[in-house]
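Thanks for sharing this one with me. Here are my notes, set out point by point, with the terms explained as they come up.

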Amino acid sequence: MTGDLFDAASMYDEDYLHFFVGPESGGAPSHGPVVGTAYTGATLAADLVRGLLGLEPGMAVLDLCCGHGALANELAARGCQVTGLDSSTVFLDRARADAVARKVEVDYVAGDMRALPDWDGRFDRVVNWTTAFGYFDDDGNRGVLDEIGRVLRPGGRLAMDLDNQVRFLSSYTPSRVTARRANGDMLVDRHHLDPLTGRFEVERTVVRDGQARTLSFLKRLFGFPELRDWLTAAGFTAVTAYGEDGAPLRADHHRMVVVAER
Ligand SMILES: C[S@@+](CC[C@H](N)C(=O)[O-])C[C@H]1O[C@@H](n2cnc3c(N)ncnc32)[C@H](O)[C@@H]1O
């Protein structure tokens with residue numbers, strides 16, 4: 001397993017839920033590169049996944065990097081046998097509590113996407129949503145694709161929801177206020193693009209209850225042809241890409257949903 005390029009636990013924590021999840025979260029920022037989801041709520045994302053992956057009740061679905069479980073719980077409500085894996089215990093606790101409240105069953109597992117459990121060929125479908133891929137060096141990122149291929153059954157299918165690089169770069173700003181709450185809490189991000197690595201690096205200041213802390217994170221940006229070639233090298237076939245509306249990927253889509261078959 002390759003080393004961590006940032007501390008995921010300091011990024012995907014209770015502050016993240018405070019600013020991005022729930023009725024007061026305020027949604028995506030109105031300027032700068034759209035970081036995060038283009039789907040309001042999990043219903044639209046689940047509709048898209050169902051359409052693109054031919055989801056049927058009873059299918060075994062892995063939500064890889066499931067976060068706080070919004071999509072996993074929604075897919076379970078639609079009759080899938082869902083497993084959600086994530087490294088954040090804060091998020092998993094929230095996911096489990098929401099599953100109980102919704103009366104759905106999801107097997108939530110703490111783990112690392114680079115080394116999945118002994119699940120060879122277990123899943124009919126894998127979803128990886130809201131730019132939950134590209135956090136490591138390229139060997140590490142490619143290793144994650146190998147792991148996905150290992151846990152999918154032959155003929156199983158994958159959908160990955162990522163930033164659409166073309167649109168993302170066209171709205172690039174060197175900094176921005178990413179989230180702001182009525183009480184003065186805010187997230188302020190300073191951005192750095194490294195064209196040599198394809199990484200979008202962020203230095204974030206979290207202001208909450210008058211206290212400030214900083215953290216950093218990064219993600220790899222992918223054009224479709226590069227990720228298609230990586231997936232093909234990892235043994236996937238029929239690699240295609242769509243936008244957030246399910247139409248074939250265009251430059252003006254915010255999201256790039258890459259679909260592939262094992
Ligand atoms: C941008 S969030 C997306 C979460 C979720 N898929 C969603 O749509 O809301 C990225 C997720 O990846 C998880 N993550 C980061 N590094 C991870 C790792 N090495 N293994 C598993 N999960 C990881 C984080 O905890 C976080 O939940």
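1. A word on terms before the helices: a residue is called buried if 20 or more other C-beta atoms lie within 10 Å of its own, exposed if 12 or fewer do, and partly exposed in between, with C-beta atoms placed from the backbone. Helices (H or I, at least four residues) and strands (E, at least two) are DSSP runs, numbered from the N terminus. Residues are numbered from 1 along each chain as its sequence is written. Please keep in mind that this is a predicted model, in which local features need pLDDT of at least 70 and side-chain atom pairs count only at pLDDT 80 or more, while totals for chains, interfaces and linings use all residues.

2. On confidence, pLDDT is the predictor's own confidence in each residue, from 0 to 100. The protein averages 92, and 92% of the residues score at least 70. Residues 28-38 deserve a careful eye: pLDDT stays under 50 there, and the model has 22 contacts beyond four places in sequence for this stretch. Two residues are in contact if their C-beta atoms, placed from the backbone, lie within 7 Å.

3. Helix α5 (89-102) makes a nice case. Its buried residues are Phe91, Leu92, Arg94, Ala95 and Ala99. Seen down the axis of α5, these fall within an arc of 160 degrees, so they line one face of the helix; the arc is that of the directions from the helix axis to the C-beta atoms. On the other side of α5, Ala97, Val100 and Ala101 are exposed. The buried residues pack against α2 (14-20), α4, β2 (81-86) and β3.

4. The length of α5 also checks out: its 14 residues should span 20 Å at 1.5 Å a residue, and the end C-alpha atoms are 20 Å apart, which agrees. The expected span is 1.5 Å times one less than the number of residues.

5. What happens to phi just after α5? Lys103 takes a positive value there, about 60 degrees, although Lys103 is not a glycine. Most residues other than glycine have a negative phi. Lys103 sits in the loop between α5 and β3 (106-110) and is exposed, with 8 other C-beta atoms within 10 Å.

6. Thr130 also has a positive phi without being a glycine, near 65 degrees. Is Thr130 buried or exposed? With 21 C-beta neighbours inside 10 Å, Thr130 counts as buried. Its place is in the loop between β4 and α6 (138-151).

7. In helix α3, Ala45, Ala46, Leu48, Val49 and Leu53 are buried. Viewed along the axis of α3, the buried residues fall within an arc of 160 degrees, so they line one face of the helix. Their packing partners are α4 (70-77), β4 (123-128), β5 (152-163) and β11 (255-261). Gly54 follows α3, with a positive phi near 55 degrees.

8. Finally, the domains. The assignment, whose bounds come from an automatic or database source, gives domain 1 (8-164 + 221-261) and domain 2 (168-217). Their centres, taken over C-alpha atoms, are separated by 22 Å. Asp189 is found in strand β7 (residues 186-194) and is buried, with 20 other C-beta atoms within 10 Å. Leaving aside neighbours within four places in sequence, Asp189 is in contact with Ser175, Arg176, Thr178, Val202 and Arg204.
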